[in-house]
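The following exercises are to be worked with the sequence and the model side by side. Each task is followed by a solution in steps.

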Amino acid sequence: MGAEFERLRAALASVREECALVPRVGIVLGSGLGGFAERIDVAASLPYARVPGLPVSTVEGHAGRLLFGRVSGVPIVAMDGRVHLYEGYSPADVVAPVRLLGLLGATTLIITNAAGGVAPRLEPGDLMLITDHISTLVPSPLAGPHEAELGPRFPDMTEVYSPRLRARAHDAALRLGLVLKEGVYLQMPGPAYETPAEVRMAAALGADAVGMSTALEAAAAHAMGLEVVGISCITNKAAGLSPAPLSHEEVQAVASQAAEEFEALLSRLIALA
Ligand code: HPA
């Protein structure tokens, strides 16, 4: 058995001692979405620090706990807080929680984040369904000795973001009367926001939005066979596209303003997923 799978099995055993609920849907709550906890009929709340092998988030606005419960009757587990490469964690650490969600039984993974808009059509407050991603600028969580329990050596990445779930997300948005845009997400290493030249590079590479998470989690979950869907909250125009400097406070403030719509969309998507 590989070292990573071994570590995850230990985490799984410890979580199972605390909560027997088998989730169908896993959710990663990005910046500003902590309030989604109130939409969950919570059965158990488990701080990451209590689970051996799980990394603990150090960023303001990212609590660190697994929430088990039901949304619209669907058994779910939510990651309230995630860890990032820029905190000094390895790619394997970054994806350990989503892999754990898969081992807990989730077959669908909904990933959310806050992102900067690169495409001029994306405005602060917009919700963007991720159609594809670019992760080439950050190290892969799949590098290292192959662990067959966590997926094939050479996973196909043609459809990381499930066309079926993307259609369900559009259905959910339509029913709520929300505009759901679409685009390609580029994961940057952070923690600095991009320079204007890097944002022009991102545009030239085909990105519509930039952020510091998500692609690695999506890649690891997809490799494990989970059906993945990702949604970004565009919190700002990326550097150089607006005269204002970027700040974490602004990102959090816009994410909080958009949270109610975002949470409604998530709830509806869970019911349809
Ligand atoms: N760049 C990177 N990450 C982000 C941004 C951004 O402009 N906004 C929110 N997260």
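How many bridges join S1 to strand S5 (residues 108-117), and do these strands run parallel or antiparallel? The solution is that 4 bridges join S1 to S5, and the two strands run parallel.

The model is a predicted one, in which local features need pLDDT of at least 70 and side-chain atom pairs count only at pLDDT 80 or more, while totals for chains, interfaces and linings use all residues. Residues are numbered from 1 along each chain as its sequence is written, and side-chain values use heavy atoms, with hydrogens and water left out.

**Exercise 1. Place strand S1 among its partners.**

Step 1. Helices (H or I, at least four residues) and strands (E, at least two) are DSSP runs, numbered from the N terminus. Two strands pair if DSSP finds at least two bridges between them.

Step 2. Strand S1 (residues 25-29) pairs with S4 in the parallel sense over 5 bridges.

Step 3. Val25 has a bridge partner in each neighbouring strand named here: Ile76 in S4 and Thr108 in S5. Further along, Ile27 stands opposite Ala78 in S4.

Step 4. Burial is judged by relative accessible area: buried means under 20%, exposed over 50%, and partly exposed in between (1.4 Å probe, protein chains only). Because 5 of the 5 residues of S1 are buried, this strand is largely enclosed by the rest of the structure. Val25, Ile27 and Leu29 are on one side of S1, with Gly26 and Val28 on the other, and both faces are covered.

**Exercise 2. Describe strand S4, its faces and its hairpin.**

Step 1. In a regular strand the side chains alternate between the two faces of the sheet. In S4, Val74, Ile76, Ala78 and Asp80 point one way, whereas Pro75, Val77 and Met79 point the other way.

Step 2. Strand S4 (residues 74-80) has 7 of its 7 residues buried, so it is largely enclosed by the rest of the structure.

Step 3. Strand S3 (residues 65-71) runs antiparallel to S4 and is joined to it by 7 bridges; Arg65 stands opposite Asp80 in this pairing.

Step 4. The hairpin formed by S3 and S4 has 2 residues between the strands, and Ser72 in the turn has a positive phi of about 50°.

Step 5. Ser72 and Val74 are also the residues in contact (heavy atoms within 4.5 Å) with Ala271, when the neighbours of Ala271 within four places in sequence are left aside. Ala271 lies in helix H6 (residues 248-272) and counts as partly exposed because its relative accessibility is 42%.

**Exercise 3. Determine what surrounds Asp208 and Lys237.**

Step 1. Asp208 is found in the loop between H4 and strand S8 (209-211). With a relative accessible area of 16%, Asp208 is therefore buried.

Step 2. A polar contact is a pair of N or O atoms within 3.5 Å; within protein, one must be able to donate a hydrogen and the other to accept it, and residues adjacent in sequence count only if both atoms are side-chain atoms. A polar atom of the Asp208 side chain lies 2.8 Å from the backbone nitrogen of Val184.

Step 3. Not counting residues up to four places away in sequence, Asp208 touches several residues, among them Gly116, Gly117, Leu122 and Gly183.

Step 4. Lys237 belongs to strand S9 (residues 227-237). Its side chain has a polar atom 3.0 Å from the backbone oxygen of Pro120, and the side chain of Lys237 also reaches the backbone oxygen of Leu122 at 3.2 Å.

Step 5. Apart from neighbours within four places in sequence, the contacts of Lys237 include Gly117, Glu123, Pro124, Ser242 and Leu246.

**Exercise 4. Is helix H5 covered or uncovered, and which elements cover its buried residues?**

Step 1. Helix H5 (residues 215-223) is mostly covered, with 9 of its 9 residues buried. Among these buried residues are Glu217 and His222.

Step 2. The cover over the buried residues of H5 includes S1, helix H2 (91-104), S5, strand S6 (127-134), strand S7 (180-187) and S9.

Step 3. Just after H5, Gly225 takes a positive phi of about 100°.
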